[in-house]
Amino acid sequence: MPSLSQRYLAQCDLINRLQGEKRASTAAVNLLAVSKTRPAEEILALYRLGQRDFGENYLQEAIQKQQQLAHVDINWHFIGPIQSNKTRDIARYFSWVHSIDRLKIAQRLDQQRPSNLPPLNACLQVNIDGEQSKSGFKLDELGAAVEALKGLNNLRIRGLMAIPQAGKSVNQQRASFKKLADAKNSLNDQFKLNLDTLSMGMSDDLSSAIAEGATMVRIGTAIFGARRKSTV
Ligand SMILES: *Cc1c(COP(=O)(O)O)cnc(C)c1O
């Protein structure tokens with residue numbers, strides 16, 4: 001069995017290799033290590049190997065680990081579903097949020113971001129395959145959303161995030177990721193924006209996502225192994 005460090009370093013190598021092979025774009029692919037359900041010691045072990053960005057889904061669990069790791073300089077990303085009553089803590093304890101699925105959540109995060117912190121980096125989550133069971137903006141709602149969020153001071157919209165339907169072929173995965181990439185480009189053109197982030201790609205569809213221009217891949221299982229149950 002490979003160790004955590006070995007799996008982590010292998011993922012870094014894989015991302016570099018795919019970036020070289022699969023695409024012409026020079027935009028870097030950043031690795032977000034998805035550490036939900038994993039203990040603080042494992043996060044610290046990756047930190048010591050140079051990893052700085054960690055993604056969490058469960059607020060109480062994340063805050064507990066942030067307290068345990070308060071002595072190191074980690075960029076915490078919130079990537080889980082957001083209920084309204086969670087926005088205050090998310091605005092306070094994270095530097096990124098990837099899972100904004102409706103305007104009201106964005107507006108609350110903006111209002112609740114403490115004024116001594118830099119703006120909260122944000123991605124709008126897109127329901128890219130139009131699944132009943134998934135939340136997120138529809139593609140044709142994004143223009144209006146971006147317009148509505150333009151003036152906010154404490155929320156910096158950086159781009160789009162999606163989780164495509166599971167169990168698809170590589171060609172279908174690529175088609176979904178391409179839709180997200182095209183949407184980002186057309187928002188930039190239409191609204192004169194500089195959205196620079198495509199948060200897409202997980203353990204099972206990493207290669208497709210990188211081929212279609214992902215700038216941030218969210219990898220859990222391939223680094224940490226199968227997940228434990230949430231500890232909180
Ligand atoms: C859990 C999770 C991931 C990581 O998924 P893996 O398949 O374990 O790599 C990525 N993004 C989101 C939004 C998640 O909830």
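Me: Which residues are exposed on the other side of α7?

Reply: This is a predicted model. On that other side of α7, Asn171, Asp189 and Gln190 are exposed.

Me: And which residues of α7 are buried?

Reply: Start from the helix geometry. An α-helix has 3.6 residues a turn, so residues three or four places apart point the same way. In α7 the buried set is Gln173, Ser176, Phe177, Leu180, Ala181, Ala183, Lys184, Leu187, Asn188 and Phe191. Their arc around the axis is only 145°, which puts them on the same side of α7.

Me: What do the buried residues of α7 pack against?

Reply: Strands and helices both. The strands are β5 (120-126), β6 (155-162) and β7. The helices are α6 (142-149) and α8.

Me: What span should α7 have, and how far apart are its end C-alpha atoms?

Reply: Use the rise of 1.5 Å a residue. Helix α7 covers residues 170-191, which is 22 residues, so 32 Å is expected. The end C-alpha atoms lie 32 Å apart, in agreement with that.

Me: What happens just after α7?

Reply: Look at the backbone there. Lys192 takes a positive phi of about 50°, and Lys192 is a residue other than glycine. Its place is the loop between α7 and β7.

Me: Is Lys192 buried or exposed?

Reply: Compare the relative accessible area with the cut-off: over 50% counts as exposed. Lys192 has 73%, so Lys192 is exposed.

Me: Which residue in the loop between β1 and α2 should I check for phi?

Reply: Thr37, which sits in that loop. Thr37 is not a glycine, yet its phi is positive, about 70°.

Me: Is Thr37 buried or exposed?

Reply: Here the cut-off is under 20% for buried. The relative accessibility of Thr37 is 4%, so Thr37 counts as buried.

Me: Back to helices. How does the span of α1 compare with the expected value?

Reply: Apply the rise of 1.5 Å a residue again. Helix α1 runs over residues 4-22, a total of 19 residues, and should span 27 Å. Its end C-alpha atoms are 26 Å apart, which agrees.

Me: Which residues of α1 are buried?

Reply: Leu4, Arg7, Tyr8, Gln11, Ile15, Leu18 and Gln19. They cover an arc of only 110° around the axis, which puts them on the same side of α1. The face turned away from that buried side carries exposed Asp13, Asn16, Gly20 and Glu21.

Me: What do the buried residues of α1 pack against?

Reply: Two strands are involved, β1 (30-34) and β8 (216-219). So are three helices: α2 (40-48), α8 (206-211) and α9 (221-224).

Me: What about α3: which of its residues are buried?

Reply: Helix α3 spans residues 59-68, and Leu59, Glu61, Ala62, Ile63, Lys65 and Gln66 are buried there. Their cover includes α2, β2 (53-56), β3 (75-78) and α4 (87-93).

Me: Now a strand residue. Where is Thr197?

Reply: In strand β7, residues 197-199. Thr197 has a relative accessible area of 3%, so Thr197 is buried.

Me: Which residues does Thr197 touch?

Reply: Set aside residues up to four places away in sequence. Then Thr197 touches Trp96, Cys123, Arg158, Gly159, Leu160, Lys184, Thr215 and Met216. There is also a polar contact between the side chains of Thr197 and Asp196, at 2.8 Å.

Me: Is Asn121, in strand β5, buried or exposed?

Reply: Buried, because its relative accessible area is 12%. Beyond its neighbours within four places in sequence, Asn121 is in contact with Ser95, Trp96, Val97, Arg156 and Arg158.

Me: Last feature. Which residues surround the ligand?

Reply: Val34, Lys36, Asn57, Ile79, Ile163, Met202, Ser203, Arg218, Ile219, Gly220, Thr221 and Arg227.

Me: Which atoms of Ser203, Arg218 and Gly220 should I look at?

Reply: For Ser203, a polar side-chain atom, 2.5 Å from an oxygen atom of the ligand. For Arg218, an N or O atom in the side chain, 2.9 Å from a nitrogen atom of the ligand. For Gly220, a backbone N or O atom, 2.8 Å from an oxygen atom of the ligand.

Me: How much of the ligand does the protein bury?

Reply: Take the ligand alone as the reference. Alone, the ligand exposes 390 Å², and the protein buries 90% of that.

Notes: Residues numbered from 1 in each chain as written. Predicted model: local features only at pLDDT ≥ 70, side-chain atom pairs only at ≥ 80, totals over all residues. Heavy atoms only, no water. Helix = DSSP H or I, 4+ residues; strand = E, 2+ residues; numbered from the N terminus. Expected span 1.5 Å × (residues − 1). Buried < 20%, exposed > 50% of the residue type's maximum accessible area, 1.4 Å probe, protein only. Arc of directions from axis to C-beta. Contact = heavy atoms within 4.5 Å. Near = heavy atom within 4 Å. Polar contact = N/O pair within 3.5 Å; in protein donor to acceptor, adjacent residues only side chain to side chain. Areas by Shrake-Rupley, 256 points an atom, 1.4 Å probe, with all protein chains shown as cover.
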